[in-house]
Amino acid sequence: MLGGTTKASDIDSPATVAELLARHDYLADEGLATAAFLALRMGRPLFLEGEAGVGKTELAKTLSAVLGAPLIRLQCYEGLDAAQALYDWDFARQLLHLKAAEATGVTDVRALEGEIYDRRFLIARPLLQALETQPSVLLVDEIDRADDEFEAFLLEVLSDFTISIPELGTISAATPPVVVVTSNRTREVHDALKRRCLYHWLEHPGFEREVAILLRRLPECTERLATEVARTAGLLRAADLVKPPGIAETLDWTEALLTLGATDFDPGLAAATLGAVLKHREDQELVRRDGILLAGAATGAGGGMATGAGAARGEAGRRA
């Protein structure tokens, strides 16, 4: 079961979920592994909420790899409507078909009308693609960016995984997709949608788990550098920043430092690569003014850091 791809029905425990995710370099804690296991076994959508960069979208991608199922992504935005998420008609091809029929002298209007609303002229958008693809993982990303009306529509689709197309009839999923819904909490999502899902809040990873993630995702990274970057990332999150860094930014920062040849945390290189971890000018100015990078380097020189790195390396090895 642990080799290659895995059927959702074969996963027998949260520990198995954590092990399968780790095989694809995603280190989930017990709470997230349990939530993912229940979503898979109960056939319920998994609603992940948390700050940007904590691994919500990456979980859906990793589940897709674990299950050997295509990832179908619906990126939400203000103004998104049902037609853009569900299906649309290919009007250009329909018009060409009408012109071709006219050129060949077709006169049966009713038959022609039936032809132009044939399935081959239907453009499947993400929600319809997910219903027609078995198995599949449907990622509804950043639902908090969509309007209330679309949220209500999504709730209806997720209730029975069935849609109605007036010209074609009803389409139902033979096997419902695995659904992951994410939110950065830029606004409150209505309780009705949350009740339909299993809910989990993703925190920033703790120090040891962040070190383990860095060592797993960036094998060329030294224990010392991973330890000091993770420690400094914790200091940045404790500061009064517009946008504290998530694990995605920590990975980018570490990769930037490695690209410049760093083997440990050098404040000069760290300052030069702040754009990899902090995306707001105000945050970069605050960090430089308050000397947070120097504090991180000074803390990293303490003896307790190596112990944390060793523990994290052990965790990464146990999950491998």
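This is a short talk on one sheet, two helices, a hairpin and a loop residue.

Keep in mind that we are looking at a predicted model.

Start with the annotation. An unreviewed UniProt entry places the feature "domain: AAA+ ATPase" at residues 42-217. Over that range, the chain is 43% helix and 22% strand. The C-alpha atoms at its two ends are 31 Å apart.

Now the sheet. It is open, and it has five strands. The order is β2-β5-β8-β1-β9, and the pairing is parallel. Which strands sit at the edges? They are β2, residues 71-75, and β9, residues 198-201. Each of these pairs on one side only. On average, neighbouring strands in this sheet are turned by 20 degrees against each other, ignoring direction.

Look at the β2 edge. Strand β2 runs parallel to β5, residues 137-141, and five bridges join the two. Q75 stands opposite D141 in β5. Helix α3, residues 56-67, packs on this sheet. It touches β1 (46-49), β2, β5 and β8 (178-183). The direction of α3 makes about 170 degrees with that of β5.

Next, helix α8, residues 148-160. Which of its residues are buried? F150, E151, F153, L154, V157 and L158. Viewed down the axis of α8, these buried residues fall within an arc of 160 degrees, so they line one face of the helix. The general background is simple. An α-helix has 3.6 residues a turn, so residues three or four places apart point the same way. The face of α8 turned away from the buried side carries E149 and E156, both exposed.

What follows α8? The next residue is F161, and its phi is positive, near 50 degrees.

Then comes the hairpin. Strands β6 and β7 form it, with three residues between them. β6 covers residues 162-165 and β7 covers 169-172. The two run antiparallel, joined by four bridges. I163 has I171 in β7 as its bridge partner. β6 also has two faces. The covered face holds I163 and I165. The uncovered face holds T162 and S164.

Last, a loop residue. D240 lies between α11 (223-238) and α12 (247-259). Is D240 buried or exposed? Its relative accessibility is 68%, so D240 counts as exposed; the cut-off for exposed is over 50%. D240 and L286 are 46 residues apart along the chain. Their C-alpha atoms are separated by 8.5 Å.

That is the tour.

Note on methods: Residues numbered from 1 in each chain as written. Predicted model: local features only at pLDDT ≥ 70, side-chain atom pairs only at ≥ 80, totals over all residues. Heavy atoms only, no water. UniProt positions renumbered as here; feature names shortened; annotations may be inferred. Pairing = 2+ DSSP bridges. Axes fitted to C-alpha atoms, helices over the stretch in contact; angles between N-to-C directions. Contact = heavy atoms within 4.5 Å. Buried < 20%, exposed > 50% of the residue type's maximum accessible area, 1.4 Å probe, protein only. Arc of directions from axis to C-beta.
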